[in-house]
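Hi everyone, thanks for making time this morning. Let me put the structure up, and then I'll talk you through a few places in it.

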Amino acid sequence: MHDKVIGSFFFAAPTLTSKIYLDMLQLYAVLQFAEGVIFQQDGAPPHYGKIVREPLYTTFPQRWIGRGAVMAWPPRSPDLTPLDFYLWGNVKQHVYSERINNFNNLKQRITDVIHSVAPDVLIRVWEELD
């Protein structure tokens, strides 16, 4: 992640490390997953750290896709998930459709946009992937 200038405000964005990524997975993401889900991540360096891989082997035994996993992520592959080809672009388009006034405004806009994505839209995106 890099430093960002948003409007007239300057924000130093923290670097995503394996530790931060693991915290995000364990404290939020994994709690949202259904039993038996297959977890997929790309080969980004924070996703590949040993401190991340070990809990993935425990949490998703034989059920995770990524660099260093039993189900390997294809090297130099294009982005293969709907998050990459749909959601992030959609979020960015809506979040930045109006001027961002401050960091709290940015966080609220992101939250609002994510919550506004209807489940039927996500189903159609997954069907399109198939």
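I'll begin with confidence, then go to a buried glutamine, a nonpolar patch and some salt bridges.

Please keep in mind that this is a predicted model. The chain has a mean pLDDT of 81, with 81% of its residues at 70 or more. Which elements sit at the two ends of the confidence range? Strand S1, residues 4–6, has the lowest mean pLDDT at 46, and helix H3, residues 50–59, has the highest at 92. Across residues 5–11 the pLDDT stays under 50, although the model has 16 contacts beyond four places in sequence for that stretch. Where pLDDT is low, predicted coordinates should not be read in detail.

Now to the glutamine. Gln41 is in the loop between strand S3 (39–40) and helix H2 (45–48). Is Gln41 buried or exposed? With 4% relative accessibility, Gln41 counts as buried. A polar atom of the Gln41 side chain lies 3.0 Å from the backbone oxygen of His47. Leaving aside residues up to four places away in sequence, Gln41 touches several others, including Tyr21, Leu56, Trp64 and Trp73.

Next, the nonpolar patch. Leu83, Trp88, Ile110 and Ile114 make a surface patch of about 350 Å². Helix H4 (82–95) and helix H5 (103–116) each supply at least two of its residues. Leu83 is in helix H4 and counts as partly exposed, with 41% relative accessibility. Leu87 is also in helix H4, but at 11% Leu87 counts as buried. From Leu87 to Val117 the C-alpha distance is 8.8 Å, with their positions 30 residues apart in sequence.

On to charged pairs: how many salt bridges are there? The count comes to four, and I'll show you three.

- Glu54 and Lys50 meet at 3.9 Å, N to O. They are four residues apart in helix H3, so about one helical turn separates them. Glu54 is partly exposed at 45%, while Lys50 is exposed at 55%.
- Glu98 and Arg109 meet at 4.0 Å, N to O. Glu98 is in the loop between H4 and H5 and Arg109 is in helix H5, so this pair ties together parts eleven residues apart in sequence. Glu98 is exposed at 53%, whereas Arg109 is buried at 14%.
- Asp120 and Arg124 meet at 2.9 Å, N to O. Here too, about one helical turn separates the partners, as they are four residues apart in helix H6 (residues 119–129).

That's my tour, so over to you for questions.

Conventions:
Residues numbered from 1 in each chain as written. Predicted model: local features only at pLDDT ≥ 70, side-chain atom pairs only at ≥ 80, totals over all residues. Heavy atoms only, no water. Buried < 20%, exposed > 50% of the residue type's maximum accessible area, 1.4 Å probe, protein only. Polar contact = N/O pair within 3.5 Å; in protein donor to acceptor, adjacent residues only side chain to side chain. Contact = heavy atoms within 4.5 Å. Patch = residues over 30% accessible without salt bridge, like charges linked within 9 Å, V, L, I, M, F, W, Y side chains within 5 Å. Areas by Shrake-Rupley, 256 points an atom, 1.4 Å probe, with all protein chains shown as cover. Salt bridge = Lys/Arg side-chain N within 4 Å of Asp/Glu carboxyl O. pLDDT = per-residue confidence, 0-100.
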